[in-house]
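Colleague: I would like a close look at one part of this model. Please take one helix pair and what lies around it.

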Amino acid sequence: MKKFRAVSGTISVACVLFMAFVLGLLVHARNAGSVTGQDSEQARERDKRVYTNDDFPVSEAPPSTNGTDSGQPAAGPSRGERVAPYVPTPMEIVDKMLEIASVTASDVVYDLGSGDGRIVLRAAEKFGARAVGVEIDHGLAVESTEKTKEMKLDKLVTIIEGDLFQTDIRPATVVTIYLLLSTNDRLRPLMEKDLRPGTRVVAHDIRIPGWEATREATFNVGTVPHVVYLYEIPGAFRKPAVP
Ligand SMILES: C[S@@+](CC[C@H](N)C(=O)[O-])C[C@H]1O[C@@H](n2cnc3c(N)ncnc32)[C@H](O)[C@@H]1O
């Protein structure tokens, strides 16, 4: 009887140890699974490609441009500064901006601070216009250049990686902007100096201080109102021709 008790005691202890071992394995497997789950969640978040200024610090921007007659960048001493955060214009509003500016295939559209290139790409794709995007942020400039190639619009669209204040905007017949009020204020004298009479300037949400809009229209995207301002450069801004 004693022997029987000893054997059954040993079996019980062995059973308890075995169950503890199996439980340990289960807990380990569960933890490993949840780490993998977290990883794929993080990967999904990355794939959403939602950008903030932190994703593209200004310090990553390349040397900015001085501009040339062709509108192409030239090496310059200043890197420029980021004068507005990246907030993309909804595509519905992009279309409204281009329609309000009456863009056609004869136009040259400049988007100053072109973000992911949506305005210049749309101007080329939908209206056949030539278009130039100027973007200081390296990541966005690379992304929009790649998109231009993917969409086979590189004959019409040029992305300049550089500072909008140091880019030659004289070839533009249409300028689009979605910048801050203080930036528009700084940009106004440059546009008055360099843009030719008849050039249309379209501003999303933020007006140009000191200018009177030819047209102002509000469009809702969902419940969010977006204002589009149209300005036309009058002959009065014309600079005397340089001999
Ligand atoms: C509000 S977002 C508008 C983007 C695009 N135009 C749109 O409507 O979707 C402003 C853009 O201006 C760019 N930006 C800011 N400062 C700049 C500068 N000095 N030169 C060129 N681009 C600049 C930002 O990186 C950002 O992409």
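Modeller: What follows covers confidence, then the packing of two helices, then the ligand shell. Keep in mind that this is a predicted model. The average pLDDT of the chain is 78. Of the residues, 64% score at least 70. One stretch needs care: across residues 26-77 the pLDDT is below 50. In the model, that stretch still has 55 contacts beyond near neighbours in sequence.

Now the helix pair. Helix α2 spans residues 91-100, and helix α3 spans residues 118-127. The two pack at an angle of about 60°. Their axes are 10 Å apart. Roughly perpendicular would start at 65 degrees, so α2 counts as oblique to α3. The crossing of α2 past α3 is right-handed.

Which residues meet? From α2 come M91, V94, D95, M97 and L98. They meet R118, I119, R122, A123, K126 and F127 of α3. By class, this contact of α2 with α3 has 7 nonpolar and 4 charged residues. Polar residues are absent from it.

Helix α3 also has a part in the ligand shell. It supplies at least two residues of that shell, and so does β2 (130-135). In total, 26 residues surround the ligand. The closest are T89, G113, G115, I136 and L164. By class, the shell divides into 13 nonpolar, 6 polar and 7 charged residues. Thus α3 appears twice here: it packs with α2, and it contributes to the shell around the ligand.

How values were computed:
Residues numbered from 1 in each chain as written. Predicted model: local features only at pLDDT ≥ 70, side-chain atom pairs only at ≥ 80, totals over all residues. pLDDT = per-residue confidence, 0-100. Contact = placed C-beta atoms within 7 Å. Axes fitted to C-alpha atoms, helices over the stretch in contact; angles between N-to-C directions. Helix = DSSP H or I, 4+ residues; strand = E, 2+ residues; numbered from the N terminus. Parallel < 35°, antiparallel > 145°, perpendicular 65-115°, else oblique. Left-handed = near helix turned anticlockwise from the far one by under 90°. Nonpolar A, V, L, I, M, F, W, Y, C, P; charged D, E, K, R; others polar. Near = placed C-beta within 6 Å.
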